[in-house]
Structure formats: C-alpha cells, structure tokens
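Please look over the sequence and the model shown here before reading on. The questions that follow work through it step by step.

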Number of protein chains: 2
Amino acid sequence: MKAKITLKDIAKELEVSTSTVSKALNDSNEISIELREKIKAFADFYHYRPNMTALKLRNKKTMIIGVIIPEIVHHFFSEIISGIEKMANGRNYNVMVCVSSESYEKEKLNLAMLSNGSVDGVLVSIAKETLELGNYDHFKELEDYNIPLVLFDRVSNEVNCDKIVVDDEGAGYKATNYLMDIGRKRICILSTPDHVNVGALRSLGYKKAIEERGGEVDDRLLFRVNDKTDLYLQIQTYLNSLEVWPDAIIGVNEIFAAIAMKVAKEKKYKIPEDVAIIGFTDGLISQFSTPAMSTIVQHGFMMGEQATAMLLDRIQKKEPDMNYDYKVISTDLKIRESTEKIE
Amino acid sequence: MKAKITLKDIAKELEVSTSTVSKALNDSNEISIELREKIKAFADFYHYRPNMTALKLRNKKTMIIGVIIPEIVHHFFSEIISGIEKMANGRNYNVMVCVSSESYEKEKLNLAMLSNGSVDGVLVSIAKETLELGNYDHFKELEDYNIPLVLFDRVSNEVNCDKIVVDDEGAGYKATNYLMDIGRKRICILSTPDHVNVGALRSLGYKKAIEERGGEVDDRLLFRVNDKTDLYLQIQTYLNSLEVWPDAIIGVNEIFAAIAMKVAKEKKYKIPEDVAIIGFTDGLISQFSTPAMSTIVQHGFMMGEQATAMLLDRIQKKEPDMNYDYKVISTDLKIRESTEKIE
DNA sequence: TGTCAACACGAAACCGTTTTCGTAAGGTTT
DNA sequence: AAACCTTACGAAAACGGTTTCGTGTTGACA
C-alpha cells in the first residue's frame, strides 16, 4: 500500500531540486549524465510515474475525447465505438463514453458534464428525442467553451460543426434498385418517423429509385414504425393490413428486417421466392438468420475511425477554422439468401 | 472564441482575491451576502465553470473509472458496458473504455495507461490471450499504485481483487438438466478451449448434470471450438463427424448455437423435434432466429452495474481492506421454440 | 589575470482550484 | 477604555508537474 511517489519525493531523497529531477527524467542535457542516470535509476526502482492530472493541468490538454451515443447495445453503434476507440488510441487519446439512451435530457446532461473541461473534444450521435424536439441549444455550450465537436450518423444542420454520415439516401436507392433489378414490383419499406434523419433519407432514396424508373411511389408501402410501442405487433399488423402483400421488403434496420422475415415466415411466404427482404446494419442477426439476410453494410467501424480522425485533426489545429467538413460514407450491398434472384 | 474564464479572471475584474471568488461561488458565509451575489451574477453571466482538471489535481480524485474489455461489438459485453455506464453515471463517475481485442499486449498497455493516475479504479474482463498465457503480472502495477480493481466475467484467481462472474457452472448444469428433462439423451456441448474459464465452467456444469443422473459423460460430445479458425467449418465438420447426431446441442455462446442451428437446418434436421438447441447470451440472434432460440440469459447489464458498485464501494472505502468479494450472478433459462418439449 | 561562455543545477512562476490561516475593522463585553 | 469576538476579506500553501530564468563554478581564451 505504498502511496504513489512524486517528483518531490525523489528530489528530497536524492537531495536535489524537483526541477532537476524533472529535467533528468525528461532527459534534458541541462543535467549531467551521471546525475541523470542516477535519478532515472532511482525513479525506476520506485516505479515513478508522472501524475497525469498534474500534466493535464499544465498542458491544458486532457488527451481524452468524449463520446455521446444513443445506446451501446446495438450492433452499428458498438461498431462505431470500436472504431472510435481504435483511432483514438492510435493517436494517444482516451475515450470517455456516455449514453444518452435516446433522451434529450440525458444528452444535455452529458454534454454539460463533458464541456466542463474534462475532454478535448466531443463526438455525438444525436438522440431521437432531441431530433424530435428539434432543440439543439445544448450544443452551443461547446462552442462557447471552444470545444471541438463532430456529429456522426444522426446529425442536424442546425449545429455548426464537422459531420459524418452514412450515405443513407444512396443506400435506400441502392437497395431499391437492386430489388427492382431482380424483378420486384411491390417493394415495401419499413422506415422510422421522419425526424430520424437516417430513416427519412433511406426512404428518400427508395422513392428516388422508383421514380427514376418511371414508377409511382405507393404511399401505403412506406410504413413508419414507431419505436415507442411493440415493434413486432406494429409490423405484423401493418403488413397484414395490406390487401396485397409486397414481394419485397426493406427494413431500415436489422430488427425491422428480422421482424418482417419472421412475419413472412409465419404467413408461410417463401423467402426470397414470395418476398425478398433486405436489412440495414450487417450484424449477427443478418448473418445467422435463415435464410441469411441481404443487407446494406454501413461500415460503422470506419465511420467511428473517421469521425475520430476529423475530431482530432480539429483539436490539433491551432487556429479555429469555420469551414466545417461534411463527410459521407458510402454503403455496400451484401447479397445473401433473402433476396436471391428468381430465375 | 472566448477563452474559458477562470477564477483569476473574475477576481481581477471584480478587484477581489481569487480566494474570495472561490468562497463566494461555493456559498461560503465567510463572504458577505452582497458580494456573494455580485460575484455569482458575474460568474453566471460569463458562464464560468470550474476547471475540472484543476479540481481533480486538488482533490486527488478523477471521478473516472477505467474499463478494459476484450471487445465491444459483442452483445454480452456491450450490455455490461451499458450497465457500467449507468451505475457509474448514477454515482457521478465517468467511464473510460479501452478495448484489449483479446490481446495480452494491448491489455497490458491499457492497464499501464490507466494506472498512471487517470482513473480512480479499473474494471477488467481478461483477454483470451492473457488467460492462455496465464501471465497476470501486469495487474500487479495497479496494486502498487493502490488503484482498486474489479475483475468481471473473465477472471483469474491469481489476481487478488474483487471479482464478479456469471454462475457459469450452474448455467451449464441448468441447461443440461432441462434438456434431459425434455427427454434428450445425446446432448452435445460446443465449448471453448479450457483456458477460457467461462467455457470450462459451463462444461463442468454439463458434466455434473449428466453424472448426477447416473449418466456417463461421452467425451466425444464435448467439442472445444478454437476461435482462431473458421467457426462454421469447425462446427460443421465436428457435428458431421459424429456417427450419430446429437438430439440436443448446447452452444456456450450465441454464435456457436446459431451456427449449430444453421448446420442442423442444412442437414434437414428438424428443430426442436430432431435436435434441440440452447445458446448463451440472450442477444438479437436468439430472439430473431427461426425457430427462436432458447438461451441462458446472463444478465450482462446487471453484472456491469454490480461490478461498478463493487468498484465504487472500494474506491470510497478509506482504509484498504484485504477481504475481497467474489460475487456470482445466477442465470435464467429462457425457453423458446428451439427446445420445445416433444410430447 | 581578467572576460566570457559553457555547464550544471536551483529558485520560482505557472496551470486553476480549495482551504487554512492571518488580520483589519468594527462591535460587544466588562 | 481595555479586552475580546465577529465579520469579511486577502495571502499563501497545496495538489504535482514543467519551464524560464538566474547563478555559481569551470575552463578557455586573450
């Protein structure tokens, strides 16, 4: 239970000044080689390690970035955190993780906590509730304190900062086009309420693809799933309310697609013969479902890495720069059994 | 781009001393009410917020706990992090997350980084490589610096500290017993190499259950999946190498079970009629597979919460206490379609 | 032998707080 | 009127480092 040893302790023990010890340990040639070695040996012996907090105070840098994420138990988000952690670590930063649980209040609290100087920069994916409320005042605080911010995935153009998003519109477009390519006519999309930009954009791409081929968008085939009540029931009820079942379904996330698959199986529809299904987020469900699910892969890990790179670049920039980046990560369509072409 | 305002700035502006400002803002009655109000108003106007780093230095507490976890993109672990974050936040602590990626070296590095005074305590789930190597010297450093440590899920009794684990043996026992209850005779278990304690313990429970009923453990039915090569291939090859297929399979994690299900379906075995399957970790795969998978639910969230509570309790304990806790969290068996009883 | 640079180290300021202690001014006791 | 308490504030130390600057001792050069 030895208390941690400080510079002062070493100085006293060796009867030199703390400045000498500091310089010696930092290999300054202001100190003679013999003394340097002696001090180093002593420090080593007692496992001296500089107090990080003291360093942070002096350097005015914490070497920590904060992350506020709507939830962690979520394949896409956990991939992002993974990417963040890797990039941050590679550049000698640490990561402080906060969860908003999709709540505006928690997001605000977290932001306040992080903006008090605990971190050098913040990465945020906006909570659904915040998006719904449309209130982004809590982000101003960061600006006041001059703490760099990067929004990822769930962004808002009411906040001035760097942003990085998945090419959601392109992904919706890509998925829809592919389904039409394999001959599907009644393509249904299970989306989110419009304030969740990712859902809205994916729907937009969906519409665009259909219209581009001269088709007409049937609004009854676009269902906005409300995530406040039972998902299964909503989707089941919706699908069965259609006079004619779709021959293809796009779920804007893994779960919607998995539920659609389950409902289809219950109705004894064959997948992909009767109905093709595509999901988003290439998580475990997609890989291990039967049939294996075709998905839009969103490269969450890469997004985490790049968001962090953007943030660190901005942190390390000396003078503030009002030109904010907007980066779009394109998606890939991973075709598996749930959409195999009908010949 | 205003620089953050400090106590000193306020003091200078108001022509009082910094101590007066500090006291006023902390509502000390050493300062007259009028001056107090004046200073508070001023501070408020300029959005004064105390510099956390300075406070940390003075108080010798960072209010941060470090977490080293083998991976994040993993249902069980992300649940744990979620629980950690919640409990920590509720007790005014922040969470720094580090990923070992199952690597001994990264774990060591992370530990060294955290033990330099950045955090008040550390939560670790040991990397597989470390377990395999059996080298736990890097944990000594924490002891040297007197930084509390709690090991969770993947623990080692070579490290002296509080520990919290899932009742893995009981879980294996419970699953096996249940399968025998519904009449299964050839129960196979897909486990991990023995150095991964969770796998070893689950296998132990499996054996115990069988022996308790006077059965004999058939070693051919216990397969240790090596996670360094293709999982699917290994499990497929193993299962098909058996002269007689099992009528029940226990996968010690979600993925092993999902793969087993997939292999069984390919062989046109009916689930659960021909073969019942039970997995661990009640994640998305289990919920959305067809048939829905029976699982052992491990309460990861709760484990995260409790591990954090143990850690914080120890941090807040004034005098060191060599009596370490060992807490076991019991599991539940969630029965779904993959094991429904044959009547 | 006086001047000056190089060497090797210490003193002190600094980062931004809190907190202990000291003290001047005024009021209350006796 | 002397002694003592409050009240209301400031000075300074402390947390644990880094860094600038100053300075005493050498040795070299003129």
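A polar contact is a pair of N or O atoms within 3.5 Å; within protein, one must be able to donate a hydrogen and the other to accept it, and residues adjacent in sequence count only if both atoms are side-chain atoms. This is a predicted model, in which local features need pLDDT of at least 70, side-chain atom pairs count only at pLDDT 80 or more, and totals for chains, interfaces and linings use all residues. Residues are numbered from 1 along each chain as its sequence is written, chains are lettered from A and ligands numbered from 1 in the order in which they are written, and side-chain values use heavy atoms, with hydrogens and water left out.

Q: Which base atom of DNA strand D lies 2.5 Å from a polar side-chain atom of B:K23?
A: Residue B:K23 is among those that come nearest to DNA strand D, out of 27 residues around it (a residue is near a strand if one of its heavy atoms lies within 4 Å of it). Sugar and phosphate make up 63% of the atoms of DNA strand D that come within 4 Å of the protein. For B:K23, the partner of the polar side-chain atom, at 2.5 Å, is a base oxygen.

Q: Which residue has a side-chain N or O atom 2.6 Å from a base nitrogen of DNA strand D?
A: A polar side-chain atom of A:R58 also lies by a base nitrogen of this strand, but at 2.8 Å. At 2.6 Å from a base nitrogen of DNA strand D, the side-chain N or O atom belongs to B:E30.

Q: Which residue places a polar backbone atom 2.7 Å from a phosphate oxygen of DNA strand C?
A: For DNA strand C, sugar and phosphate account for 65% of the atoms within 4 Å of the protein. One phosphate oxygen is 3.4 Å from a side-chain N or O atom of B:K8, while a base oxygen is 2.8 Å from such an atom of B:R58. The backbone contact at 2.7 Å to a phosphate oxygen is made by B:L7.

Q: What turn lays chain B on chain A?
A: The copies are superposed by least squares on the C-alpha atoms of residues with pLDDT of at least 70 in both. Chain B then fits chain A with an RMSD of 0.1 Å and a shift of 0.0 Å along the axis, and the turn is 180°. The two copies are thus related as by a two-fold rotation axis.

Q: How far apart are the C-alpha centres of domain 1 and domain 3 of chain A?
A: An automatic or database domain assignment gives the bounds, and it divides chain A into domain 1 (7-50), domain 2 (62-165 + 300-329) and domain 3 (168-298 + 333-339). Between the C-alpha centres of domain 1 and domain 3 of chain A the distance is 66 Å.

Q: Which residue forms a salt bridge with A:R336?
A: Side chains of opposite charge can pair when their charged atoms come close. A salt bridge is a side-chain nitrogen of Lys or Arg within 4 Å of a carboxyl oxygen of Asp or Glu, and the count over all chains is 36. With closest N and O atoms 3.1 Å apart, the partner of A:R336 is A:D282.

Q: Which residue is joined to A:P272 by a cis peptide bond?
A: Helices (H or I, at least four residues) and strands (E, at least two) are DSSP runs, numbered from the N terminus. In those terms, A:P272 lies in the loop between helix 12 (254-266) and strand 9 of chain A. The cis bond has an omega of about 5°, and the residue it joins to A:P272 is A:I271.
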